[in-house]
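Please open the model in your viewer and keep the sequence panel beside it, so that each selection can be followed in both. The stops below move from charged pairs to a sheet and then to a loop.

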Amino acid sequence: MSNEIVQYKADNGQDITVTEQDVRDLMAANGNDMKNVTSQEVKMFLRLCQSQRLNPFTRDAYIVKYGNQPASVIAGKDAFVKRATRNKRYRGHEAGITVVRRIKRNQNSGVETVIDRREGSMLLKDEELIGGWCKVHLDGYECPIYDEVALSEYSAPDKYGKNGWSRMPATMIRKVALCHALREAFPEDLGGLYGAEEMGQAEAGQEQDGQAPARPQKAEPMEVVVEDVPESGPAQEDPRRTLWDEVAKLKAKALAYGTAEDAIRSWMRAHITDADGDAKETREYAPEDVARLRDYLAANVADHERLLQEQTPEDAEYEVVDEPDLADHDIEF
């Protein structure tokens with residue numbers, strides 16, 4: 001058992017103490033094969049939990065691994081909701097499913113196709129599920145942040161019946177839409193975190209092809225807050241979308257390496273300002289602002305990777321304390 005202990009406070013102020021062996025026990029309880037999990041992967045997960053103040057014991061985040069592929073860190077849906085509710089700008093959300101109903105008005109008319117957006121995840125008989133949607137209401141916004149996702153992009157044959165898409169597709173696609181919209185509304189709090197429902201479709205697709213499931217090489221990209229989106233007409237690609245996708249990936253790496261969330265926010269407030277010198281809100285970022293943030297995070301990650309290459313394997317990269325002596329009545333986990 002590792003004698004390394006990581007200590008920090010979770011989002012709710014709870015003191016968290018977690019060891020590498022705790023993470024391995026949690027993975028084993030989740031049905032993961034432990035023999036291919038490296039110590040470095042567990043340490044990276046511990047750093048991410050510490051920097052993002054996530055509680056692995058309540059499944060705010062957990063780690064999964066398939067075969068010899070790199071381990072994936074997954075954030076639970078409840079972690080998204082808890083992060084959102086603690087943000088002062090959060091004013092609630094609505095989420096549901098998108099369905100197609102085919103109606104025949106009378107004997108002389110043809111079949112009419114109607115698209116309905118229903119709150120919740122109840123799918124009625126003879127309805128075709130095609131997607132999920134979510135609205136996040138924010139203080140200071142005239143319109144809610146809205147996102148809608150297509151079922152066809154996520155649902156895949158479930159060979160082992162484990163990922164939920166074959167048993168409860170309506171519930172799953174609603175969760176995907178919820179994670180999308182919350183991440184779009186709060187990129188500073190949730191950028192780089194992805195739910196299990198968003199990650200699972202790639203694994204299922206590989207199972208269908210007879211391959212061992214592997215970690216997705218490209219996660220669903222981080223969406224960008226774009227206000228005043230027209231409800232009709234062709235959708236226009238926001239030029240910041242690709243930049244925000246790069247920012248999300250680099251931020252996740254920076255946090256995993258131990259960079260504090262507050263340090264990133266402080267840099268943003270100090271370096272990305274308006275004409276009066278006041279810090280811009282992320283929704284007001286121009287493409288060049290997002291590019292500056294990307295470049296800052298890229299330099300941060302590069303510095304950490306250089307230091308890792310220079311360090312010996314025995315060097316500790318997070319707080320380490322000795323395990324306490326156990327009394328006769330204590331139980332060692």
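Begin by selecting Lys249 and Asp245, which form a salt bridge whose closest N and O atoms are 3.8 Å apart; the term stands for a side-chain nitrogen of Lys or Arg within 4 Å of a carboxyl oxygen of Asp or Glu. This is a predicted model, in which local features need pLDDT of at least 70 and side-chain atom pairs count only at pLDDT 80 or more, while totals for chains, interfaces and linings use all residues. Residues are numbered from 1 along each chain as its sequence is written, and side-chain values use heavy atoms, with hydrogens and water left out.

Lys249 and Asp245 both belong to helix H7 (residues 241-256), where they are 4 residues apart, about one turn of the helix. Helices (H or I, at least four residues) and strands (E, at least two) are DSSP runs, numbered from the N terminus. Lys249 is partly exposed at 37% relative accessibility, whereas Asp245 is buried, with a relative accessible area of 10%; buried means under 20% relative accessible area, exposed over 50%, and partly exposed in between, with a 1.4 Å probe and protein chains only.

Stay on helix H7 and add Glu246, which forms a salt bridge with Arg294, the closest N and O atoms lying 3.2 Å apart. Here the pair links distant parts of the chain, since Glu246 is in helix H7 and Arg294 in helix H9 (residues 287-310), 48 residues apart. Both partners are partly exposed, Glu246 at 31% relative accessibility and Arg294 with a relative accessible area of 22%.

Salt bridges that share partners also join Glu188, Asp189 and Arg265 into one network, so select these three residues together. Within the network, the side chains of Asp189 and Arg265 meet at 2.0 Å, N to O. Asp189 lies in helix H5 (residues 187-190) and Arg265 in helix H8 (residues 261-271), so this pair ties together parts that are 76 residues apart in sequence. Asp189 is buried, with a relative accessible area of 11%. By the rule given above, the count comes to 14 salt bridges.

Now turn to the sheet. In what order do the 4 strands of the open sheet run? The order is S6-S5-S7-S8, with antiparallel pairing; two strands pair if DSSP finds at least two bridges between them. Strand S6 (111-119) and strand S8 (145-150) are the edge strands, each pairing on one side only. From one strand to the next the twist averages 20°, where axes are lines fitted to C-alpha atoms, for helices over the stretch in contact, and angles run from 0 to 180 degrees between N-to-C directions.

Select strand S5 (residues 90-104) and strand S7 (residues 128-138), which pair in the antiparallel sense over 9 bridges, and then find Ala95, which stands opposite Cys134 in S7. Helix H4 (residues 169-185) packs on the sheet, touching S5, S7 and S8, and its direction makes about 30° with that of S7; contact means heavy atoms within 4.5 Å.

The last stop is the loop between helix H2 (39-52) and strand S3 (61-64), where Arg53 is found and where Arg59 also has its place. Most residues other than glycine have a negative phi. Arg53, however, has a positive phi near 60°, and Arg59 has a positive phi of about 60° although it is not a glycine. Arg53 is partly exposed, with a relative accessible area of 29%, and Arg59 likewise counts as partly exposed, at 41% relative accessibility.
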